[in-house]
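Please open the model in your viewer and keep the selection tool ready, as this tour moves from one selection to the next.

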Amino acid sequence: MTGPAPHREYTDRVAAGAVPCQTCDGCLSAVFPPRIICPACGGAELRWSESAGLGTVYSASVLSPRDADPYPVVLVDLDERFRMMSTVVDIPARDVRIGMRVRARVERDGPSGPRIVFTAEEGEGRHEPA
């Protein structure tokens, strides 16, 4: 194996501000989470690339901890054809909707170090109170 382990490479790239993913040179599939073997074809030639960070919420759940504000846990389908679990920030959890367009950014002061979070694209998720 050459270079750092896939998870280490991923966390280093996130810390540098990127939204990293891998692409299989054999079948051209997007690969996420990071791996050493392509899950689609078994190929071992995976190269790193950077997502533009635009995607669509595939699934959303709201978690309501006892002593904290509710927050959404989402699965986002990135435009590069891979799915990522994260959260949507800067809007109320109840306003996150399946199908809404979101944009990734790196939050550098996350509880366990840098992490990728999503924000609603312009005009998405900002509803006036009834």
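Select C24 to begin: with a relative accessible area of 0%, C24 is buried, a word used here for residues under 20% relative accessible area, while exposed means over 50% and partly exposed in between (1.4 Å probe, protein chains only). This is a predicted model, in which local features need pLDDT of at least 70 and side-chain atom pairs count only at pLDDT 80 or more, whereas totals for chains, interfaces and linings use all residues. Residues are numbered from 1 along each chain as its sequence is written, and side-chain values use heavy atoms, with hydrogens and water left out.

Now add C41 to the selection, which counts as partly exposed at 42% relative accessibility. How far is the sulfur of C24 from the closest cysteine sulfur? That closest sulfur belongs to C41 and lies 3.6 Å away, too far for a bond, because a disulfide is a pair of cysteine sulfur atoms within 2.5 Å. The structure as a whole holds zero disulfides.

Next, colour the protein by secondary structure, and look for one helix and nine strands, which are DSSP runs numbered from the N terminus (helices H or I, at least four residues; strands E, at least two). Following the sequence, you meet the pattern α-β-β-β-β-β-β-β-β-β.

Finally, select the whole protein, whose C-alpha trace spans about 55 × 25 × 25 Å along its principal axes. Of its 130 residues, 35% count as buried. Among the contacts (heavy atoms within 4.5 Å) with a separation of 6 or more, residues 24 or more positions apart account for 47%.
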